Amino acid sequence: MPAPPIQPDMTRHVSATISTAIITIRAEIAHLEQKYGRKSGSVELLAVSKTKPSALIRAAAAENQIAFGENYADEGAEKSLELKELNLLWHYIGHIQSNKTKLIASHYDWVQGVDRLKIAKRLNEHRGTGPGGTDNALNICIQLKLDAEESKSGCTTDELEELAGFIAGASHLSLRGLMAIPAPRSDFAEQRAVFKELHGWYQKLKKSYPTVDTLSMGMSGDMEAAIAEGATMVRIGTAVFGARERR
Ligand SMILES: *Cc1c(COP(=O)(O)O)cnc(C)c1O
């Protein structure tokens, strides 16, 4: 028996799967907004496409998904060029190495993992000299960590004020809010407790800086707790694109 053709049937099948996943997650977000008394449409879906090929991003874009998250700087930059004509919004959500700040500042629309002054300064400098010119500020979320053992990345609550002040005053950056990646917890009440505390810091920041409108928290495993506690953006990979190969 001849082997079945891989193209284009395979592509069509995968596109249908992604289309269904996007529709399902949007419905789930809408349901959770209602369940927790959140305003309809107040939680944005960021589709985390790291490790996934451009063809799958196209399939998601066909469902009017605009915002995509990448956490390997070069890989995301390549995809943003490949898919330029779709006018998508690219969020860098990975750890930021200082030798990648130029690449990140010129290929992404948002950077969510900013956790130290040195990185913020470099992003500001590179954005100012980049192709977008001076009137195209890079949107920034500060990554905040609440307890030391959580992860290597993230600024502490003590460092938040100085970092926020710099970003808010930088000509080529726009301070949009906070992002967090709490350690995975399986207990719903514990998930909520951490997100609640993050929301408190978000509200404090919002009072000082009028450009702040984004609280990016919640992934495939803890989206409900994040929406319950006030997330305005959830970053979903697995539930949109399926499991990732390990790197
Ligand atoms: C991979 C990743 C996600 C998505 O995780 P899933 O569990 O696949 O939904 C969200 N945020 C960050 C920072 C990530 O690196």
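This passage describes the overall form of a predicted model, followed by its burial, its aromatic pairs and the surroundings of its ligand.

In the predicted model, the secondary structure of the chain amounts to nine helices and eight strands. The radius of gyration of the chain is 18 Å, close to the 18 Å that the globule rule gives for 247 residues, and the chain is therefore as compact as a globular protein of that length. Taken along the principal axes, the box filled by the C-alpha atoms of the chain is roughly 65 × 45 × 35 Å.

With regard to burial, 48% of the 247 residues of the chain count as buried. Helix α2, which spans residues 54–61, is largely enclosed by the rest of the structure, because six of its eight residues are buried. The buried residues of this helix are S54, L56, I57, A59, A60 and A61. Another helix, α7, runs over residues 188–208 and contains R192. The relative accessibility of R192 is 26%, and R192 therefore counts as partly exposed, since the buried class is confined to values under 20% and the exposed class to values over 50%. In space, R192 and A228 are 7.4 Å apart from C-alpha to C-alpha, although 36 residues separate them in sequence.

Two aromatic pairs are found in the structure. One of them is formed by F68 and W90, whose rings are tilted with respect to each other, with 5.9 Å from centre to centre and 35° between the planes. This pair links distant parts of the chain, given that F68 belongs to strand β2 (residues 67–70) and W90 to strand β3 (residues 89–92), 22 residues apart. Both partners are buried: F68 has a relative accessible area of 0%, and W90 has a relative accessibility of 3%.

The other pair consists of Y92 and Y108, which meet edge-to-face at 5.3 Å from centre to centre, with 70° between the planes. Y92 lies in strand β3, whereas Y108 lies in the loop between α4 (101–107) and β4 (110–114), so the pair ties together parts that are 16 residues apart in sequence. Here too, burial applies to each partner, with a relative accessibility of 3% for Y92 and a relative accessible area of 2% for Y108. A further arrangement involving an aromatic ring is that of K121, which lies over the face of F166 at 5.9 Å from the ring centre.

The surroundings of the ligand are made up of V48, K50, N71, I93, I181, M219, S220, R235, I236, G237, T238 and R244. Among these residues, K50 has an N or O atom in its side chain at 2.7 Å from an oxygen atom of the ligand. In the case of G237, a backbone N or O atom is placed 2.8 Å from an oxygen atom of the ligand. The side chain of R244 likewise has an N or O atom that is 2.9 Å from an oxygen atom of the ligand. On its own, the ligand has 390 Å² of accessible area, of which 90% is covered by the protein.

Technical notes:
Residues are numbered from 1 along each chain as its sequence is written. This is a predicted model: local features need pLDDT of at least 70, side-chain atom pairs count only at pLDDT 80 or more; totals for chains, interfaces and linings use all residues. Side-chain values use heavy atoms; hydrogens and water are left out. Rings of Phe, Tyr and Trp (its six-membered ring) pair if their centres lie within 6.5 Å; planes under 30 degrees apart count as stacked, over 60 as edge-to-face and the rest as tilted. Helices (H or I, at least four residues) and strands (E, at least two) are DSSP runs, numbered from the N terminus. Buried means under 20% relative accessible area, exposed over 50%, partly exposed in between (1.4 Å probe, protein chains only). A charge sits over a ring if NZ of Lys or CZ of Arg is within 6 Å of the ring centre and within 35 degrees of the ring normal. A residue is near a molecule or strand if one of its heavy atoms lies within 4 Å of it. A polar contact is a pair of N or O atoms within 3.5 Å; within protein, one must be able to donate a hydrogen and the other to accept it, and residues adjacent in sequence count only if both atoms are side-chain atoms. Accessible areas come from the Shrake-Rupley method with a 1.4 Å probe; for residues, only the protein chains shown count as cover. The radius of gyration is taken over C-alpha atoms; the globule rule is 2.2 Å times the number of residues to the power 0.38.
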